[in-house]
Amino acid sequence: MSAHTHLYLVSAQATPNLTPALDPAVAPKRVLLLVSPDMRVRAGWLESVLKPRGIRVERCEIRDAWDVEHVQQQVLALLEREQSLAAAGDIALNATGGTKPMSIAAYEVFRAADLPIFYIHPEHDRLIWMHPAGRPVVDLANRVKLDAFLQAHGARVQSAATDAIPESRRELTDWLVAQSHRLAQPLGTLNWLAMKAKGTLRSPILDPQQRRDMALGDLIGRCSGTGLLSVVSGQLRFPSEAARFYVNGGWLEEHVYAVFWELRREERRIQDLARSLELYRQDPRGAEVHNEIDVACLAENRLYLVECKTKAWKGGDGPGSEALYRLDALADLLGGLQGRAMLVSYLDLPAHVRRRAEDLRIHVCAGARLPELRGEISRWFP
């Protein structure tokens, strides 16, 4: 069913060209990229993923992606150069990408030459044969990994954590989530103390009110029991920056990641998962921009990004709103049209934050809903 060579129309959406190239059932030995001047950088991103995987990649430049006649002439010239493959029907067109004029022009040329043409369904992740009729639909394999997916979208992963969460940490975060109604205020105090310990690994000395707070004492005791901190002379002391960061809110990221990890063991549609991603993506000028992602997941070749927050959200258009806009932008830049974003908050969200998240189509799991995170994630998936 696979053809020796695929012709891809390069556009801002990398996924429809990436997934068929990496599926063993239809993967080509060679890819031709039809590239307009404004898509040269994106063509380079795609090449950087395909070439290391043994796929030969060549470019076919076009002058104008909106000139149907020009594109037709270029595709005709391409088939003339590939006469032996065309005669054997061993070159196929992926009509998914490019501009509409590019897709129409290339389709007409391949259809007239009676050559194979396919389309990648964006919602169902399937390869559908448009010509010739009668070929079966191909459910594309979930073979793409996060680093390759992000690389094809112009991002370089600097570091990421992919290990399982220790059982002692799981028990702690499960307890924190289950006790969220009781621990919201003392957890805010603990966050503040851990934040003040940055650089020194020593918090301010607890004041009398904090020392009398039984819920805070219970919380500190739980963290001390897992080796995350100790109490010496009335102040919290952290064994490492990693432990301090964890107490300062990093625990929620681990909890969300652990829930995804459990789902992945049970559901084949989750193909890759990571947390604490440090990555650099290229802006339109080619400069690298640093970004951090709490949890990232690939499921059915679709990217899911999660932002985790334990602190209270400020009113107005402050840091909370900026975080939502950043999350929405990253889902679009790194995931394309099918990218999805979720906000997980230990505390409930103000009404204006929920409205803005809804406007941006960001899924929310917050406050009292947090113990139901597993079900929320399942409903979030397609």
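Modeller: A residue counts as exposed over 50% relative accessible area, as buried under 20%, and as partly exposed in between. The model we are discussing is predicted.

Biologist: Why is arginine 361 called exposed?

Modeller: Its relative accessibility is 68%, and the cut-off for exposed is over 50%, so arginine 361 counts as exposed. Arginine 361 sits in the loop between α13 (351–359) and β15 (363–366).

Biologist: What makes the phi of arginine 361 worth noting?

Modeller: Phi is near 60° there, a positive value in a residue other than glycine. Most residues other than glycine have a negative phi. Serine 276 also has a positive phi, near 50°, and is not a glycine.

Biologist: Where is serine 276, and why is it called partly exposed?

Modeller: Serine 276 belongs to strand β11. Its relative accessibility is 28%, which is neither under 20% nor over 50%, so serine 276 counts as partly exposed.

Biologist: Arginine 275 lies in strand β11 as well. Is arginine 275 buried or exposed?

Modeller: Arginine 275 is at 11% relative accessibility. Buried means under 20%, so arginine 275 counts as buried.

Biologist: Which residues does arginine 275 touch, not counting those up to four places away in sequence?

Modeller: Arginine 275 touches Ala160, Ala161, Asp163, Ile165, Glu253, Glu254, Tyr257, Ile293, Asp294 and Val295.

Biologist: Why is lysine 309 called partly exposed?

Modeller: The relative accessible area of lysine 309 is 22%. Buried would need a value under 20% and exposed one over 50%, so lysine 309 is partly exposed. Lysine 309 is part of strand β13 (residues 302–309), and its contacts beyond four places in sequence are Leu252, Val344, Ser345 and Tyr346.

Biologist: How far apart are lysine 309 and glycine 249 in space?

Modeller: They are 7.1 Å apart, C-alpha to C-alpha, with their positions 60 residues apart in sequence.

Biologist: How do you know that valine 10 is buried?

Modeller: Valine 10 has a relative accessible area of 4%; the cut-off is under 20%, so valine 10 is buried. This valine lies in a loop, the one between β1 (5–9) and α1 (15–22). Residues up to four places away aside, valine 10 touches Asn17, Leu33, Leu34, Val35, Met39, Arg42, Ala43 and Gly98. From its C-alpha atom to that of phenylalanine 245, 235 residues away along the chain, the separation is 42 Å.

Biologist: Which residues of helix α2 (residues 40–50) are buried?

Modeller: Ala43, Trp45, Leu46, Glu47, Val49 and Leu50 are buried in α2. The helix packs through its buried residues against α1, β2 (30–35), β3 (56–61), α6 (146–152) and β11 (270–282).

Biologist: Which members of the largest nonpolar core touch the most other members?

Modeller: Leu18, Leu33 and Leu50 do, in a core of 56 residues. Helix α12 (residues 319–335) gives the largest share of this core, six residues. A second, separate core has 50 residues, including Ile220, Val256, Leu263 and Val344.

Biologist: What does leucine 18 contact, leaving aside neighbours within four places in sequence?

Modeller: Leucine 18 is in contact with Leu46, Val49, Leu50, Val144, Ala148, Phe149 and Ala152.

Biologist: At what angle do helix α7 (residues 167–178) and helix α10 (residues 214–225) pack?

Modeller: The angle is about 165°, and the axes are 10 Å apart. Angles over 145 degrees count as roughly antiparallel, and therefore α7 is roughly antiparallel to α10. The crossing of α7 past α10 is left-handed.

Biologist: Which residues meet where α7 contacts α10?

Modeller: From α7 come Leu172, Trp175 and Leu176; from α10 come Asp218, Leu219 and Arg222. By class, the contact has four nonpolar, no polar and two charged residues.

Biologist: What makes the peptide bond from histidine 131 to proline 132 cis?

Modeller: Its omega is near -5°, and the bond is cis. Most peptide bonds are trans. Proline 132 is in the loop between β6 (126–131) and β7 (138–139).

Biologist: How many helices and strands does the protein chain have, and what share of its residues counts as buried?

Modeller: The chain has 14 helices and 15 strands. Of its 382 residues, 51% count as buried. Its C-alpha atoms fill a box of roughly 85 × 40 × 35 Å along the principal axes.

Conventions:
Residues numbered from 1 in each chain as written. Predicted model: local features only at pLDDT ≥ 70, side-chain atom pairs only at ≥ 80, totals over all residues. Heavy atoms only, no water. Axes fitted to C-alpha atoms, helices over the stretch in contact; angles between N-to-C directions. Helix = DSSP H or I, 4+ residues; strand = E, 2+ residues; numbered from the N terminus. Parallel < 35°, antiparallel > 145°, perpendicular 65-115°, else oblique. Left-handed = near helix turned anticlockwise from the far one by under 90°. Contact = heavy atoms within 4.5 Å. Nonpolar A, V, L, I, M, F, W, Y, C, P; charged D, E, K, R; others polar. Core = buried A, V, L, I, M, F, W, Y, C linked by side-chain atoms within 4.5 Å. Buried < 20%, exposed > 50% of the residue type's maximum accessible area, 1.4 Å probe, protein only.
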